[in-house]
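Student: I am new to this structure. Please take one part and walk me through it closely.

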Amino acid sequence: MSNYQNEGTEQTKAWIKKNDRLKGERGVWETIWQEIAEHVFPRKAGITQKDYTPNNQRDAYLYDITAKDSLERAVAGYMTWTTDKSQPWFELTPTLQHRNSEPVKNWLRECSMLGAEYVANSNFYAERHESLFDKWGFGTDCLFSQVTPDRQTRFEKIRIGTYVFWTDWMGRAEGLIREFDLTASQAEGQFGLENLPECIMAALTNGTGKKFTFLHIVEPRPAKDRGDGTGYEVGKRKPFLSAYVEKTSCKIVQEGGFDSFPFTVGRFLKWDAMGSETDWGFGPGFSLLPESRQLNFMAKMMDVHSEKTVFPPLMVPDTYEGTLKTSARAINFYPAGVGADSIYPLQVTGDWTVAMDRLKMRQEMIKRVCHLDMFQMFAQNAAANREMTAYEASQLAGEKLEAISPAFDRDTTESISPHVIRCFEGWAENGMLPPPPEEAIVQIGPSLIQVPNPTVTMTNRLALALRALSMRSADNHIQSVLSIAAIVPDIVDTVNFDFYSSERARLAGCDPHLLRPMEEVAQMRQARAQAAQAQQAAMMAKEIAGAVKNVGGVEKARELVGG
């Protein structure tokens with residue numbers, strides 16, 4: 001029985017009203033998103049209208065696909081640099097209070113390996129790739145994550161233009177309403193026949209293919225309705241309410257809950273215009289739009305020019321009538337009898353090179369907006385058969401990485417890390433992780449204990465490259481010291497090479513087992529010093545013995561041992 005049975009109509013109408021209000025505020029964004037989609041990826045251009053079948057007419061309006069190609073390459077490159085399936089891209093690390101606990105570190109390391117396997121066997125990479133198109137193109141993306149009771153890790157990208165959301169005081173999404181359509185048979189399969197309203201029951205009886213609109217509402221549940229996680233209908237007392245409503249009848253067809261907010265709403269950057277507060281994001285697609293508009297127009301005009309050059313308008317002798325026609329294959333008539341009558345083409349003028357230069361300039365600007373110069377920087381130099389020095393490569397990488405770093409930081413905090421933590425909670429709840437060590441358990445009350453969520457550390461290519469930037473000055477200093485050491489050997493004593501080695505390995509994302517503990521290093525150095533002393537004593541004894549055998553050996557031996 002729903003918690004809202006007695007006030008169901010009132011509550012559902014309030015949700016529908018809230019959804020309509022937020023949709024109205026979203027309207028101005030939908031117009032921009034639609035135009036971005038039409039110029040960049042027409043397959044997503046069903047925002048302001050519902051398209052149930054492909055519409056290839058939109059592709060016919062594109063005369064240049066530089067923006068489409070550049071954004072596809074950028075998304076693929078960013079996907080590889082942040083969440084590449086072929087290599088580990090996250091690691092679960094202890095919180096500050098457990099940073100020195102080896103059992104906790106080892107447990108989280110095992111959890112990280114299992115988590116990477118669970119994610120690899122899920123649909124994460126397909127849904128993540130699709131969501132990045134929304135983030136880069138429209139500035140905002142939404143992804144759902146869940147670990148089901150049958151131990152399946154599931155993700156779903158929520159299509160732009162089908163949801164609205166609101167944020168808490170920290171600017172994080174805390175509530176969301178998404179809108180979707182189902183046929184009567186689909187609704188029966190998802191919600192059960194006994195929960196459907198009369199309008200859908202009638203459609204099932206008639207066998208029509210009519211679609212019905214549903215709302216999925218997820219928001220913080222009022223404190224008075226929450227439970228302790230045990231007992232009857234525990235899902236309806238979890239911290240986050242989840243309700244499905246059929247919009248026409250205002251009937252709740254399913255109610256449940258989540259332990260944490262299951263959606264992440266990520267923004268490439270925030271829209272921060274003065275006097276305009278909004279939670280929607282701003283992405284490269286907005287910057288691509290004016291360039292793509294102009295590029296598309298110029299490409300169209302150049303096609304017209306090419307057609308007129310190949311099929312020029314003709315001049316035909318006859319009594320001249322009407323206006324001069326300059327389109328391709330046009331025929332103009334001029335008064336006959338004036339000179340030698342003949343059919344000849346009308347000269348087509350225009351500077352093709354100027355148009356090509358402007359076309360190329362805008363294409364390069366689009367590629368820069370998509371950060372393709374960063375994702376392809378080393379490939380471009382390899383194609384040009386130019387070898388870069390380590391210093392040049394470091395400077396080039398630093399310049400490009402700093403441009404994408406703010407968007408990556410926001411992506412990590414708003415999207416990637418929350419999903420990893422939510423999955424970690426789901427894996428633990430469903431017994432998919434090894435039991436935690438005693439050191440990881442924290443007492444938070446007289447009879448209440450918990451295992452704090454770990455910290456998510458990014459180990460992807462982009463994170464490692466950004467970390468390496470912080471060591472660039474140290475690397476340059478070490479190189480300078482080593483070059484000076486050839487003249488002044490004692491200069492190396494000013495550098496703490498132990499700290500440099502450990503910090504370099506940490507920032508590079510190396511496995512902690514790569515470096516020996518400092519206690520073991522101290523023991524190795526002590527043993528090496530003792531071995532060196534023993535070797536020196538043995539060499540001295542050997543030299544003394546040889547000196548005794550020679551003439552005057554006694555005197556020589558005395559000299560060697562100091563008289």
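Tutor: What follows is a close look at one sheet and the helix beside it.

This is a predicted model; local features need pLDDT of at least 70, side-chain atom pairs count only at pLDDT 80 or more, and totals for chains, interfaces and linings use all residues. Residues are numbered from 1 along each chain as its sequence is written, and side-chain values use heavy atoms, leaving out hydrogens and water.

Start with the sheet. It is open and has 3 strands, in the order 3-2-9, with antiparallel pairing. Strands here are DSSP runs of E with at least two residues, and helices are runs of H or I with at least four, numbered from the N terminus. Two strands pair if DSSP finds at least two bridges between them.

Now the edges. Strand 3 (153-158) and strand 9 (263-267) each have a single partner strand, so one side of each is left without a neighbour in the sheet. From one strand to the next, the twist averages 25°. Such angles run from 0 to 180 degrees between N-to-C directions, with axes fitted to C-alpha atoms, for helices over the stretch in contact.

Next, one pairing. Strand 2 (residues 140-147) joins strand 3 in the antiparallel sense over 6 bridges. Take Q146: its bridge partner in strand 3 is R154.

Last, the helix. Helix 5 (residues 124-138) packs on the sheet and touches strand 2, strand 3 and strand 9. Contact means heavy atoms within 4.5 Å. The direction of helix 5 makes about 160° with that of strand 2.
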